[in-house]
Amino acid sequence: MDYCLSAKEQAFQKEVRDFMRREVTPELFKEMNAGLGLGPLGWEFTRKLGARRWLAPMLPVEYGGLSASFMDRFIVIDEIAYYLQGSFVHMGASIVAPTLLIVGSKEQKAEYLPKIARGEIEFALGYTEPQAGSDLSSIDIRAVEQDDHFLISGQKMFNSGCHYSQFHWLCCRTEVTVPRHKGLSLFIVPMDSPGITVRPLWAIGGERTNEVFYDNVVVPKKYLVGEKNKGFYHMMVALEYERIFTVGHLDRAMSDLARYVRETKRDGRLLSKDPLVRQKIAELASMVEVGRGLAYHIAWMLDQKQAPDYHAAASKVFLTELEQQMAHNALRIMGLHGLVSPESTVASPNGWFAGWFLANARRTITGGTNEIQRNVIAQRGLGLPRV
Amino acid sequence: MDLTFSFEQHQIREAAKTFFKRNWSKKTMQEAEDSAKGYSVDLWKTMAELGWLGLMLPEEFGGTGAGLLDMAVVFEEVGVAHFSSPLFGTFLSGLIVREAGNMEQKRNLLTGLASGKLIVTTALSEVEAQYDLALTTTTATPEENGYVINGTKFFVPYANVADYIICPARIAGAACGMGITLFLLDPKTAGIECTPIETIAKDKQVKVQITNVKVPMQTVLGEIGKGQAYIEAVLPNAIAAKCVEMVGAMQQVLEMTTGYAKQRVQFDRPIGGFQAVQHHCANMFIAVEGSKWLAYRTAWMVSQGNSALKECYMTKAWVSDAFQRVVRTGLQVHGGMGLMKDYELQFYFRGAKGDEMVLGDADFCREKVAGQLLDS
């Protein structure tokens, strides 16, 4: 039994940290935390990661990766989470690439994988619709097969990357006469295709997401991914890889909060001497260790070729609820200062907590609601019946 | 990273599971609670033969010289079975003697401990100084060739059947936090009164009242004034082992609960099909998984020679609370059946409350963690 990273992994972690310390400037931090996705600095950072082959390190070397392990990948995204104070994950590298590797055609792999790995292109997930959230089988946007192309019409909702991604990773209905989840297909659609309209939707913390309208968009057949009508199952393949959740942003929050209470007086006394604050800090720190364990355990299971589906659900539930608790408690500890928006002239250096409080409200909803995750734990993990 | 158990640890686990399958049940749980002794002498003999009593003690005294992880596996299965015996107290006491004792004390005590001939318990708590040894009020007044001990110890497990009680006492006149010395007391000595404490966990806790008991120099375990240091050196092993034991119990409660949910039918379906019940069980799973990681990682760190104090206290705090959530939720899913004395769950429910308080409750432990994080 050994709970440490190997010497090689520790050396890699140090290399990644050195890179982050150099490359994550306050300006990049600000841009990445504005809720607007990849801007010019974000793209530059993405390409620098790509140049190191760290964006999609698990891809084979010939496609731009390092044939790295899940643990190595976890190390990279965890350090990004620490330095960017958020779990920003590139959809192309984390969802599209692993799926194409398994179900993509030879041409698609050659066309997209190297560009994804180099950070030249990004994909926006195109799953959710007004009536299809947790219930993905209700996807209704139609892709009608016609000679050498599909004609796609319909609407997507809450598709977050569309305003800065080159491609839409689109799930459409291609068959209506079969059970609903058996009539879905996956497409790669260039965002500049005629007939696509993207309209912003604004979330509580100023984050941008989008409504996307497809009006008779012509999508050549080469853009179909995998088999027609097997899209639902191809989406499930991708989920196998999107299991690893990070704790780096929680470590960052903990260390900022600990420093804050050690340096700040309230009512004549250092916060770090207040017994209630001490209890809360210790409780949160313990929970971060639990979260770290759940995350590492999954990376380890994946490298042992074990399927972690319900362990991943458990870590998602735990880490997202912890994230929200941390933001809530940080604001309470900061008192009135906790309410001040980051942009305000009287914001403290810890002002980002206020923005985080609003921005992470989504985390128990996106990526599979925590209710669905608990169903997965109960049904797939504990064998309780699906009724 | 390697999260697998060794071959030896697998064997230890299999032997433990077999032992408990053959010898332990709801009936014996009840018998242990009802009896004055609180354990079976026959089973204690078998435990000695299995090597459990001397697992971490040096081979020269009849032990196995194994590490904490091996012992932790035993405790996990103890927890799964909700097995009652003086094992935990004996394990802690053995480590203290190993740490503190001079050669003669080690020879006399460790051989007896490993063979099962001797039962030794340690009196860590008093009525007021429940978790913090530095506040010990039991005194040892120096006298000709010895000391006179006065004080009351509270919650000394199995003191009623122990051959020796390791008793921390403060040398009279020493300041707070200084002068704490370990004394090896024979509970049959005149002036020592052991009164069983009836607890909700029914775990054979004892009040030990020591009135003007004169003891010779030889009863000092190790060196004068080093008592707190000896115990602190050994405590991480005890905390980690207790947490692993709690994890074992939590796993069993989860298994009982999902088993019940799959077979209990209401409204024409197993109640495990209802989302509220599924979410209860999912929450229990998360608590168990988190606890398992923390407890075994801490045990591993301690077994590597790391005192891991912050990790020990983080783990005891989190696992104590998690265990409460698990038994509370498990009881809820069981409905009326869970309340019945004649059903196993209530043993784990009451045991969880007892374990929560052993070696430090969650608040005490969190304050220790805060000290590590904020006071340097």
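Interface and cavities of a predicted two-chain model

About 90 Å³ of space lies in the largest cavity of this predicted model.

Trainee: Which element gives the largest share of the lining of the largest cavity?
Mentor: The residues closest to the centre of the largest cavity, out of 13 that line it, are A:Trp54, A:Leu55, A:Ile77, A:Ile80 and A:His90. Two helices of chain A give two or more residues to this lining, α4 (70–84) and α5 (91–103). With four residues, the largest share comes from α4(A).

Trainee: How many charged residues are in the lining of the largest cavity?
Mentor: The lining is divided here by residue class, and 10 of its residues are nonpolar. Two more are polar. The charged class has one residue.

Trainee: How many cavities of 30 Å³ or more are there, and how much space lies in the second largest?
Mentor: The count of cavities at or above 30 Å³ is six. For the second largest of them, the space comes to about 70 Å³.

Trainee: Which helix gives the largest share of the lining of the second largest cavity?
Mentor: The lining of this cavity includes B:Trp52, B:Met56, B:Met71, B:Phe91 and B:Leu95. By class, the lining has nine nonpolar residues, three polar and no charged. The largest share is five residues, and they come from helix α5 (residues 87–100) of chain B.

Trainee: What share of the area buried between chain A and chain B do carbon and sulfur atoms give?
Mentor: The contact draws 44 residues from chain A and 40 residues from chain B. Between the two chains, about 4,200 Å² is buried. On the chain A side, A:Met1, A:Tyr3 and A:Arg278 lose the most area, together 22% of what that side buries. The share of the buried area given by carbon and sulfur atoms is 68%.

Trainee: Which residue of chain B forms a salt bridge with A:Lys273?
Mentor: Four salt bridges are counted between chain A and chain B. A salt bridge needs the nitrogen within 4 Å of the carboxyl oxygen. In the pair formed by A:Lys273, the closest N and O atoms are 3.4 Å apart, and the partner is B:Asp375.

Trainee: Which element gives the largest share of the side of chain A that touches chain B?
Mentor: Between the chains, 18 residue pairs are in polar contact. The elements of chain A that give two or more residues to this side are α8 (248–263), α9 (275–303), α10 (309–334) and α12 (370–381). The largest share is 15 residues, from α9(A).

Trainee: How many residues on that side of chain A are nonpolar?
Mentor: The side of chain A that touches chain B has nine charged residues and 10 polar ones. The nonpolar residues there number 25.

Notes
Residues numbered from 1 in each chain as written. Chains lettered and ligands numbered in written order. Predicted model: local features only at pLDDT ≥ 70, side-chain atom pairs only at ≥ 80, totals over all residues. Heavy atoms only, no water. Contact = heavy atoms within 4.5 Å. Buried area = accessible area lost by both parts, 1.4 Å probe. Salt bridge = Lys/Arg side-chain N within 4 Å of Asp/Glu carboxyl O. Polar contact = N/O pair within 3.5 Å; in protein donor to acceptor, adjacent residues only side chain to side chain. Nonpolar A, V, L, I, M, F, W, Y, C, P; charged D, E, K, R; others polar. 1 Å grid on protein atoms, 1.4 Å probe; cavity = no way out; pocket = protein on both sides within 12 Å on 5 of 7 lines; lining within 4 Å. Points joined across faces, edges and corners; volume = space filled by probe spheres on them.
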